[in-house]
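Hi everyone, thanks for coming. Please take a moment to look at the sequence and the structure on the screen, and then I'll walk you through them.

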Amino acid sequence: MTYDPTGHLLLTPVDREAPVRVQRLRQLGMGERPDPAFDEFASKLAAVTGAPFSMVNFIDENQQFFAGLHTPNGTHNGSDLGAAAAAGGVSRIMARDHGYCPHVVVRRKALVLEDVCDYPRFAGNPVVDEIGIRSYLGAPLIDRTGIALGTICVVDTEPRPWGRAGLETIKTMAAELVEQIHRREDGHF
């Protein structure tokens, strides 16, 4: 666990790989604008998992960017994500200290939170109160260079029993997207 100088638990992990990740994302031409192929992948991920929200998320030093986004009504700006709609909505950009994907990138392992409120470390995340997120399932996108580029994830405003099947699904889907990224890099769309 990491603490700040005043002794408070830091909920967002330190990400020492961020500068190298940003260089790799720029080399790949990803992480700065929406991508229709990633939107399509996010929609497929939502369909496979039955989750109302899904994202292809790239993370830099300061923020998260949803290059792929699926929401229940089909919009791609995230404006219908739970309580955020009442507060003016959210865009494809989210602060690095919001959500659980930064944990997945730093840990380099999938994360299953069937009910985020069951985990004190995660229950205090701003997305719980500000957006209404109650469950999360995410996996890292680790490319051929060994860099964790970002994540794929699904979230719900209700607790979800993802179980081992959900874990295996998200890991398989992450591997599928990494292969798609590699094919794109190699010029084999």
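Let me begin with a bit of vocabulary: Ala, Val, Leu, Ile, Met, Phe, Trp, Tyr, Cys and Pro count as nonpolar, Asp, Glu, Lys and Arg as charged, and the others, Gly among them, as polar. Please also keep in mind that this is a predicted model.

We'll use those classes right away, on the empty space inside. Rolling a probe the size of a water molecule over the atoms shows where empty space is left. How many cavities of 30 Å³ or more does the structure hold? There are 2. The largest cavity has a volume of about 120 Å³, and 16 residues line it. Nearest its centre are Met55, Met94, Gly99, Val127 and Val155. Strands E1, E2 and E6 and helix H5 each give two or more residues to this lining. And the classes? The lining of the largest cavity has 12 nonpolar residues and 4 polar ones, with no charged residues.

Now let's step back to the overall layout. The protein has 6 helices and 6 strands. Going along the sequence, you meet them in the pattern α-α-β-β-β-α-β-α-α-β-β-α. Of the 189 residues in the protein, 48% are buried. Here is a number about how the chain folds back on itself: take the contacts between residues at least 6 apart in sequence, and 67% of them join residues at least 24 apart.

Next, please find helix H6, residues 163-185. What span should we expect for H6? At 1.5 Å a residue, its 23 residues should span 33 Å, and the end C-alpha atoms are indeed 33 Å apart, so the two agree. Just after H6 comes Gly187, with a positive phi near 85°.

Which residues of H6 are buried? They are Gly166, Leu167, Ile170, Met173, Ala174, Leu177, Val178, Ile181 and His182. You may notice some regular spacing as you read that list. An α-helix has 3.6 residues a turn, so residues three or four places apart point the same way. The cover over the buried residues of H6 includes helices H1 and H2, together with strands E1, E4, E5 and E6.

Let's zoom in on one residue of helix H6, Ile181. Its relative accessible area is 2%, and anything under 20% counts as buried, so Ile181 is buried. Leaving out residues up to four places away in sequence, Ile181 touches Leu28, Met30, Phe38 and Leu149. Take Met30 from that list: Ile181 and Met30 are 151 residues apart along the chain, yet their C-alpha atoms are separated by 9.6 Å.

On to the aromatic rings. The structure holds 4 aromatic pairs. In one of them, Tyr100 and Tyr136 have ring centres 5.3 Å apart and planes at 65°, so this pair is edge-to-face. The pair links distant parts of the chain, with Tyr100 in the loop between strand E3 and helix H3, and Tyr136 in strand E5, 36 residues apart. Are these two buried or exposed? Tyr100 is buried, at 2% relative accessibility, and Tyr136 is buried too, at 1%.

Another pair is Tyr119 with Phe122: their ring centres are 6.5 Å apart and their planes at 65°, so this one is edge-to-face as well. Here Tyr119 is partly exposed, at 35% relative accessibility, whereas Phe122 is buried, at 9%. Tyr100, Tyr119, Phe122 and Tyr136 form one aromatic cluster.

Last, two residues in loops. Asp97 sits in the loop between E3 and H3 and is partly exposed, with a relative accessible area of 40%. Setting aside neighbours within four places in sequence, Asp97 is in contact with Thr12, Asn125 and Pro126. The C-alpha atoms of Asp97 and Asn125 are separated by 7.8 Å, and the two residues lie 28 apart along the chain.

The other one is Arg108, in the loop between H3 and E4. What is its phi? Arg108 has a phi near 65°, a positive value in a residue other than glycine. Like Asp97, Arg108 is partly exposed, at 33% relative accessibility.

That's my tour. Thanks for listening!

Technical notes. Residues numbered from 1 in each chain as written. Predicted model: local features only at pLDDT ≥ 70, side-chain atom pairs only at ≥ 80, totals over all residues. Heavy atoms only, no water. Helix = DSSP H or I, 4+ residues; strand = E, 2+ residues; numbered from the N terminus. Expected span 1.5 Å × (residues − 1). Buried < 20%, exposed > 50% of the residue type's maximum accessible area, 1.4 Å probe, protein only. Contact = heavy atoms within 4.5 Å. 1 Å grid on protein atoms, 1.4 Å probe; cavity = no way out; pocket = protein on both sides within 12 Å on 5 of 7 lines; lining within 4 Å. Points joined across faces, edges and corners; volume = space filled by probe spheres on them. Phe/Tyr/Trp six-rings, centres within 6.5 Å; stacked < 30°, edge-to-face > 60°.
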